[in-house]
Amino acid sequence: MKPEELKALVYQLAESMDVRPKEVQIREMKHKWASCSSKGRLTFSKDLLTQDRAFIKEVVIHELLHLKIPNHGKLFKLLLNSYKETL
């Protein structure tokens with residue numbers, strides 16, 4: 001996947017999930033596929049671009065959900081599974 005395709009996917013899924021990332025960036029990351037800052041910035045690893053589209057989508061949904069729920073509690077997991085099934 002190309003960087004611009006990843007960004008387009010992020011904004012498409014964000015609209016479906018009714019969230020608004022403040023910024024989306026793609027850069028080298030050594031230990032994570034992605035992260036979400038408390039200010040709404042989503043950062044994705046360049047290595048993610050080489051992964052299967054279904055996996056990329058899962059990572060994007062996970063990070064976008066952090067714009068609504070900042071932790072990995074029960075509600076987060078419940079909503080994550082719901083979004084993965086419907087989007």
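Is Asp18 buried or exposed? I started my notebook with that one, and Asp18 turns out to be exposed, because its relative accessible area is 56%, over the 50% cut-off. A reminder to myself before going on: this is a predicted model.

**Entry 1: the loop after helix 1**

I placed Asp18 in the loop between helix 1 and strand 1. Its backbone caught my eye: phi is positive, about 60°, although Asp18 is not a glycine.

Next I looked up Val19, which sits in the loop between helix 1 (3–17) and strand 1 (23–27). Is Val19 buried or exposed? Val19 counts as buried, because its relative accessibility is 6% and the cut-off for buried is under 20%. I then listed what Val19 touches, leaving out residues up to four places away in sequence: Ala14, Leu64, Leu67 and Lys68. I also checked a C-alpha distance, and Val19 and His66 are separated by 9.6 Å, with their positions 47 residues apart along the chain.

**Entry 2: His66**

That distance led me to His66, which I found in the loop between helix 2 and helix 3. His66 counts as buried, at 12% relative accessibility. Which side chain does the side chain of His66 make a polar contact with? The partner is the side chain of His72, at 3.1 Å. His72 also shows up in the contact list of His66, along with Cys36, Asn71 and Phe76, once neighbours within four places in sequence are set aside.

**Entry 3: the sheet**

I moved on to the strands. I found an open sheet of 3 strands in the order 1-3-2, with mixed pairing. Strand 1 and strand 2 are the edge strands, each pairing on one side only. From one strand to the next, the twist averages 15°.

In what sense do strand 1 and strand 3 pair? They pair in the parallel sense, over 5 bridges. I noted Arg27 in particular, which stands opposite Ser45 in strand 3.

Then I looked at the helices around the sheet. Helix 1 lies across strand 1 and strand 3, and it runs at about 145° to strand 1. Helix 2 packs on the sheet too, touching strand 2 and strand 3, with its direction at about 155° to that of strand 3.

I sorted the residues of strand 1 by face. Val24 and Ile26 make up the covered face, while Glu23, Gln25 and Arg27 make up the uncovered one.

**Entry 4: the nonpolar core**

A general point I kept in mind here: in soluble globular proteins, nonpolar side chains tend to be buried together. How many residues does the largest nonpolar core have? I read off 24 residues, and those with the most contacts inside the core are Leu6, Val10, Met17, Phe44, Val60, Leu64 and Leu65. The elements giving two or more residues to this core are helix 1, strand 1, strand 3 (41–45), helix 2 and helix 3 (74–86).

I followed up on Leu65. Aside from neighbours within four places in sequence, Leu65 is in contact with Met17, Phe76, Leu79, Leu80 and Tyr83. Phe76 had already come up as a contact of His66. Leu64, another name from the core list, is a residue that Val19 touches.

**Entry 5: Trp33 and its aromatic partner**

I finished with the rings, and the count comes to 1 aromatic pair. How are the rings of Trp33 and Phe55 arranged? The pair is edge-to-face, because the planes are at 75° and the cut-off is over 60 degrees; the ring centres are 5.3 Å apart. This pair links distant parts of the chain, with Trp33 in the loop between strand 1 and strand 2 (34–36), Phe55 in helix 2 (residues 53–65), and 22 residues from one to the other.

Trp33 is partly exposed, with a relative accessible area of 35%, and Phe55 also counts as partly exposed, at 28%. Beyond four places in sequence, Trp33 touches Thr43, Phe44, Ser45, Asp47, Leu48, Gln51, Phe55 and Val59. Among them I recognised Phe44 from the core list and Ser45, which faces Arg27 across the strand pair. As a last check, I looked up the C-alpha distance from Trp33 to Leu64: they are separated by 13 Å, and 31 residues apart along the chain.

Technical notes
Residues are numbered from 1 along each chain as its sequence is written. This is a predicted model: local features need pLDDT of at least 70, side-chain atom pairs count only at pLDDT 80 or more; totals for chains, interfaces and linings use all residues. Side-chain values use heavy atoms; hydrogens and water are left out. Helices (H or I, at least four residues) and strands (E, at least two) are DSSP runs, numbered from the N terminus. Buried means under 20% relative accessible area, exposed over 50%, partly exposed in between (1.4 Å probe, protein chains only). Contact means heavy atoms within 4.5 Å. Rings of Phe, Tyr and Trp (its six-membered ring) pair if their centres lie within 6.5 Å; planes under 30 degrees apart count as stacked, over 60 as edge-to-face and the rest as tilted. A nonpolar core is a set of buried Ala, Val, Leu, Ile, Met, Phe, Trp, Tyr and Cys residues joined through side-chain atoms within 4.5 Å. A polar contact is a pair of N or O atoms within 3.5 Å; within protein, one must be able to donate a hydrogen and the other to accept it, and residues adjacent in sequence count only if both atoms are side-chain atoms. Two strands pair if DSSP finds at least two bridges between them. Axes are lines fitted to C-alpha atoms, for helices over the stretch in contact, and angles run from 0 to 180 degrees between N-to-C directions.
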